[in-house]
Amino acid sequence: LPVPRKSSRAGERGPGAERREAPAGPEAAMKPSSEDGAAQAGGPWEECFEAAAQLALRAGQIIRKALSEEKRVSTKTSAADLVTETDHMVEALILQELQQRFPSHRFIAEEAAAAGAKCVLTPSPTWIVDPIDGTCNFVHRFPTVAVSIGFAVNQELEFGVIYHCTEERLYTGRRGRGAFCNGQRLRVSGETDLSKALVLTEIGPRRDPTTLKLFLSNMERLLRAGAHGVRVIGSSTLALCHLASGAADAYYQFGLHCWDLAAATVIIREAGGVVMDTSGGPLDLMSCRVVAAGTREMAVLIAQALQTINYGRDDER
């Protein structure tokens with residue numbers, strides 16, 4: 001869950017940030033708020049955005065029900081890379097609905113990619129789908145689980161929708177129109193000092209000795225630099241949403257995929273944050289690595305501290 005901030009940092013989030021009320025519910029994200037008015041309504045991809053939000057809510061209901069039930073679990077690239085029948089069911093639901101409504105669009109989805117489909121981002125309108133982010137959490141009934149749907153046109157991310165299934169929080173971001181959780185605007189932290197930062201990360205699927213040594217070494221480097229803490233919650237999309245909400249100051253990972261990152265990237269950027277490559281250069285959605293932060297200064301500090309873990313590229317598998 002997001003960690004409450006001390007009042008001494010309230011001024012860094014902008015006027016009134018600490019006084020926001022609890023979100024009203026996920027359906028609120030489907031309507032324009034009084035804060036952004038007409039900016040949230042209309043636009044060339046309005047129908048696509050509405051479809052994504054509705055499907056995320058429907059998928060979330062299925063996942064929430066299945067969370068407490070027995071599951072058939074298989075592995076993919078490693079013993080820690082899990083998949084269940086619910087992953088496949090939810091992905092099929094989302095893709096079938098979208099393909100019926102938007103037959104000319106292209107699709108990149110986690111389980112389809114695991115079955116051999118190519119991950120190629122072309123200029124065509126493209127949906128990028130993670131049916132269950134946090135499958136290991138889902139298998140163990142740990143409630144940090146999400147559905148993630150991103151949408152790109154001309155290789156530019158247009159919007160992202162992420163639904164926290166158990167807390168019923170619908171995170172949305174639309175290019176140039178802000179980021180919201182259940183209809184309330186999101187704003188990132190303004191922290192620039194690594195010694196005052198809460199940093200989030202995820203382990204990635206590999207468990208070989210070299211990868212584990214590098215992963216632990218990166219955590220050690222940040223802790224030696226004085227970071228308040230490094231957290232792993234088991235869902236990269238929800239960790240990135242915590243960053244967008246200002247509950248954490250930075251995120252980094254090697255070994256995530258385009259479907260983990262697409263929707264969250266729009267949400268973070270629209271909340272005022274920075275998403276970039278671990279080299280410090282522009283984000284490459286297919287590179288399987290990322291640094292994100294509330295400020296560019298923080299992102300650069302994180303990137304400079306990291307040793308690279310090479311996971312290859314999504315578009316070369």
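Q: A salt bridge here is a side-chain nitrogen of Lys or Arg within 4 Å of a carboxyl oxygen of Asp or Glu. In this predicted model, how far apart are the closest N and O atoms of Arg289 and Asp277?
A: Arg289 and Asp277 do form a salt bridge. They link distant parts of the chain, twelve residues apart, with Arg289 in strand S14 (residues 289-293) and Asp277 in the loop between strand S13 (274-276) and S14. The closest N and O atoms of Arg289 and Asp277 are separated by 2.9 Å.

Q: Which residue of that pair counts as buried?
A: The cut-off for buried is under 20% relative accessible area. Arg289 comes in at 25%, so Arg289 is partly exposed. At 4%, the residue that counts as buried is Asp277.

Q: How many residues apart in sequence are the parts that Arg175 and Glu158 tie together?
A: Arg175 pairs with Glu158 in a salt bridge, with the closest N and O atoms 2.7 Å apart. Arg175 sits in the loop between strand S7 (169-174) and strand S8 (178-181), while Glu158 belongs to strand S6 (residues 156-164). The pair therefore ties together parts of the chain whose separation in residues is 17.

Q: Is Glu158 buried or exposed?
A: Its partner Arg175 has 44% relative accessibility, which makes Arg175 partly exposed. Glu158 is at 15%. Buried means under 20%, so Glu158 counts as buried.

Q: By about how much of the helix are Arg224 and Glu220 separated?
A: These two make a salt bridge, and their closest N and O atoms are 2.9 Å apart. Both are in helix H5, four residues from each other. That spacing means Arg224 and Glu220 are separated by about one helical turn.

Q: Which of Arg224 and Glu220 counts as exposed?
A: Glu220, at 40% relative accessibility, is partly exposed. The bar for exposed is over 50%. At 69%, the residue that clears it is Arg224.

Q: How many salt bridges does the structure hold?
A: Side chains of opposite charge can pair when their charged atoms come close. Some salt bridges join up here: Asp284, Arg313, Asp315 and Glu316 are linked in a network. For the whole structure, the number of salt bridges is 16.

Q: How far is the sulfur of Cys258 from the nearest cysteine sulfur?
A: Searching the whole structure for disulfides gives zero. Cys258 is in none, and the nearest cysteine sulfur is that of Cys119. A disulfide needs the sulfurs within 2.5 Å, and for Cys258 the distance is 4.7 Å.

Q: What is the relative accessibility of Cys165?
A: Cys258 counts as buried, at 0% relative accessibility. Cys165 counts as buried too, and the value for Cys165 is 0%.

Q: Which residue in helix H5 helps make a nonpolar surface patch?
A: Ile203, Leu212 and Val232 make a nonpolar surface patch of about 190 Å². One of the three is partly exposed, with a relative accessible area of 30%. Helix H5 spans residues 209-224, and the patch residue lying there is Leu212.

Q: What average pLDDT does the protein have, and over which residues is the pLDDT below 50?
A: The protein averages a pLDDT of 90, and 87% of the residues score at least 70. Residues 1-23 are below 50, and that stretch has 36 contacts beyond near neighbours in sequence. The other stretch has 16 such contacts, and it covers residues 32-40. In short, the average is 90, and the stretches below 50 include 1-23 and 32-40.

Conventions
Residues numbered from 1 in each chain as written. Predicted model: local features only at pLDDT ≥ 70, side-chain atom pairs only at ≥ 80, totals over all residues. Heavy atoms only, no water. Patch = residues over 30% accessible without salt bridge, like charges linked within 9 Å, V, L, I, M, F, W, Y side chains within 5 Å. Areas by Shrake-Rupley, 256 points an atom, 1.4 Å probe, with all protein chains shown as cover. Helix = DSSP H or I, 4+ residues; strand = E, 2+ residues; numbered from the N terminus. Buried < 20%, exposed > 50% of the residue type's maximum accessible area, 1.4 Å probe, protein only. pLDDT = per-residue confidence, 0-100. Contact = heavy atoms within 4.5 Å.
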